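Student: Could you walk me through reading a few features of a model?

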Amino acid sequence: MNTRIAIDLDNTVFDTARVIHDICERHNVDFNMLKTYDPYQCVPKYVADEIMGAFDSPELRNIPVVNARIPELLNRMVARDDIEIYFITERPIAMSDMDLMQLQNAGIVCDKSRVVNHKPKIEALRKYNIDLCFDDSPNVVHDCITNDIDIVMISNPDTPYNHHLCDRVEHYPDLATALIEHGIITK
């Protein structure tokens, strides 16, 4: 039986925190993400609108990965027979083709059937019988805990909204480190 792994895109594979930071810096606004990453709760509406617009734009497919090793590690995982990888995100469903292009532009080998846009994410995690999830979202971490899905949280200085959960789940500063130290893939 294969291990089914779900991997989030934003702030897990791709450095979307950098996009948010750049927009806020351009508007001279501080983005205070203490327990939420909802921009409408953190910055003025006009800045939040621009941030949300960035996630629905062609530029999204060129956002760099968080760690340069991610494409190589994920491609090694995809090649394995004992693992099934799904990229599950809560981005709008209409963006699924862009999500696939973003993964491919980053050099990550991926089949369209493995890119899933669904909100709430927990429904997709259950539908695909996910055994292990890598995500930065406090909501997803909570949902995984309450639904008995193993979760590894990606938590770093750019994700202060999830630091309050660090004592409840295994966490790593980035996906590459998590995959290696969790024993999913060797260096």
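Tutor: Sure, starting with a definition: a charge sits over a ring if NZ of Lys or CZ of Arg is within 6 Å of the ring centre and within 35 degrees of the ring normal. Here, the charged end of Arg-114 is over the ring of Tyr-86, 4.7 Å from the ring's centre. Keep in mind that this is a predicted model, where local features need pLDDT of at least 70, side-chain atom pairs count only at pLDDT 80 or more, and totals for chains, interfaces and linings use all residues. Residues are numbered from 1 along each chain as its sequence is written, and side-chain values use heavy atoms, leaving out hydrogens and water.

Student: Is Tyr-86 buried or exposed?

Tutor: Buried means under 20% relative accessible area, exposed over 50%, partly exposed in between (1.4 Å probe, protein chains only). Tyr-86 has 6% relative accessibility, so it counts as buried.

Student: How many aromatic pairs does the structure hold?

Tutor: Rings of Phe, Tyr and Trp (its six-membered ring) pair if their centres lie within 6.5 Å; planes under 30 degrees apart are stacked, over 60 edge-to-face, and the rest tilted. The structure has 1 such pair. Tyr-86 and Tyr-128 make a tilted one, 4.9 Å centre to centre with 45° between the planes.

Student: And how do I read pockets?

Tutor: Rolling a probe the size of a water molecule over the atoms shows where empty space is left.

Student: Which residues of helix H3 are buried?

Tutor: Helices (H or I, at least four residues) and strands (E, at least two) are DSSP runs, numbered from the N terminus. In H3 (residues 70-78), the buried ones are Ile-70, Pro-71, Leu-73, Leu-74 and Met-77.
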